[in-house]
Amino acid sequence: MNAHLKGLLLTTLGVLFVVPDSLFVRLIEAEPLVVAFWRGITAGVFILVGVLAFMPRGSIRASLSTGWPGVIYIVLMGSTAPGFVLAVTQTSVANVVFIFASMPVFAALFGKVFLGEGISRRMVLTMLGVFAGLAIIAYGSGENEIASWKGDIWAVIVCASYAGALTAVRQLKDVSMIPAIPVAYIGAGLVVLPFVSPMVPVAAQWHLFALHGAFIAVATCFLTLGPRYISSAEVSLLILLESVLAPLLVWAVVGEDPGRWAIVGGAVVIGALVVSNMVALRRRR
């Protein structure tokens, strides 16, 4: 298997494993912060076991000795765990994943501000299209009983945090940051712990908590490894699969109607990104 095919396979598997994330949040009957606690702890423990079993000794120490970029990566990745749960519990799944689709835009902005990278005319046009779609989604939140601007804001915060983490880790190409992920996730769970009583809902739903953590662990590892072998345009196109599949999965299982404005706004966001990345791939070839 060549490197390009390996990257496509790993990234696609990572996207498929992350698709049920929002469904687990819907299915688990517990307070949002309890779900956030167990999401961070279980995913972090699963990844930690994998790191200890398969990665070289000292890899955790190496990832924690990367200076400020490593610290920023760990803090921002840790914040995405509770942030995602709060977003999904306060607005529709469709709104959340469509907002997450705008992550390349935030990454481009952060690259400009913090790394001094240029923003092409193609990316400027893409940003205008994405922000138009986000405006439509925000407008529709006022007409959908499930959707709420509060959850939309949480989704934007998580999207920006994830993009910021990816921007920080780009300065650490020689060090694998997978060993730092359990530190981020378990740390986030411990921060939430003083505000929750996490043991109460576990007895009846332990299988959902365990599966939720396992899916996030596998998805996180694949989405960390896969993009190392393929272009950012290809990564962005594959990640858009979640924006399409996650609302459909939740709609099919729990009957959550995303609403017409979320579909229209999401179509604008995805359309802008698809056109932009197809242009980028064509120029690359």
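Is G151 buried or exposed in this predicted model? At 0% relative accessibility, G151 counts as buried. The legends below start from the whole chain and then turn to single sites.

**Figure 1. Overview of the predicted protein chain, with 13 helices and 0 strands.** From the N terminus on, the elements run α-α-α-α-α-α-α-α-α-α-α-α-α. The C-alpha atoms fill a box of roughly 50 × 45 × 35 Å, taken along the principal axes. The radius of gyration is 18 Å, which agrees with the value near 19 Å for a compact globule of 285 residues. Buried residues account for 49% of the 285 residues. Take the contacts between residues at least 6 apart in sequence: 90% of them join residues at least 24 apart. The accessible surface comes to about 13,800 Å². Carbon and sulfur atoms hold 69% of that surface.

**Figure 2. Close-up of G151 in helix α9.** Helix α9 spans residues 149-169. G151 is buried, at 0% relative accessibility. Leaving aside neighbours within four places in sequence, G151 is in contact with A87, Q90 and T91. S141 is 10 residues from G151 along the chain. The C-alpha atoms of G151 and S141 are separated by 9.4 Å.

**Figure 3. Close-up of V105 in helix α7.** Helix α7 covers residues 103-115. V105 counts as buried, with a relative accessibility of 1%. Its contacts, leaving aside neighbours within four places in sequence, are M123, M127, V130 and F131. A160 is 55 residues away from V105 in sequence. In space, V105 and A160 are 9.2 Å apart, C-alpha to C-alpha.

**Figure 4. Close-up of the salt bridge between R39 and D21.** A search of the whole structure finds 2 salt bridges. In the R39 and D21 pair, the closest N and O atoms are 2.5 Å apart. The pair links distant parts of the chain: R39 sits in helix α3 and D21 in helix α2 (residues 21-27), 18 residues apart. R39 and D21 are both buried. For R39, the relative accessibility is 8%. Not counting residues up to four places away in sequence, R39 touches D21, T80, A81, F84, V85, H212 and I216. D21 is thus both a salt-bridge partner of R39 and one of the residues that R39 touches.

**Figure 5. Close-up of the salt bridge between E256 and R26.** The closest N and O atoms of E256 and R26 are 2.5 Å apart. E256 lies in the loop between α12 and α13 (260-284), and R26 lies in helix α2, so the pair ties together parts that are 230 residues apart in sequence. What is the burial state of E256? E256 is buried, with a relative accessible area of 9%. R26 counts as partly exposed, at 25% relative accessibility. Side chains of opposite charge can pair when their charged atoms come close.

**Figure 6. Close-up of T42 in helix α3.** Helix α3 runs over residues 32-54, and R39 is found there as well. T42 counts as buried because its relative accessibility is 13%, under the 20% cut-off. Which backbone oxygen does the side chain of T42 reach? The side chain of T42 reaches the backbone oxygen of W38, at 2.5 Å. Not counting residues up to four places away in sequence, T42 touches F209 and G213.

**Figure 7. Close-up of a nonpolar surface patch of about 570 Å².** L16, L241, V244, L245, L248, W251 and I263 make the patch. Which helix gives the largest share? Helix α12 (residues 232-254) does, with 5 residues. V244 is found in helix α12. At 40% relative accessibility, V244 counts as partly exposed. The patch also takes in residues such as L16 and I263.

Note on methods. Residues numbered from 1 in each chain as written. Predicted model: local features only at pLDDT ≥ 70, side-chain atom pairs only at ≥ 80, totals over all residues. Heavy atoms only, no water. Helix = DSSP H or I, 4+ residues; strand = E, 2+ residues; numbered from the N terminus. Buried < 20%, exposed > 50% of the residue type's maximum accessible area, 1.4 Å probe, protein only. Polar contact = N/O pair within 3.5 Å; in protein donor to acceptor, adjacent residues only side chain to side chain. Contact = heavy atoms within 4.5 Å. Patch = residues over 30% accessible without salt bridge, like charges linked within 9 Å, V, L, I, M, F, W, Y side chains within 5 Å. Areas by Shrake-Rupley, 256 points an atom, 1.4 Å probe, with all protein chains shown as cover. Salt bridge = Lys/Arg side-chain N within 4 Å of Asp/Glu carboxyl O. Rg over C-alpha atoms; globule rule 2.2 N^0.38 Å.
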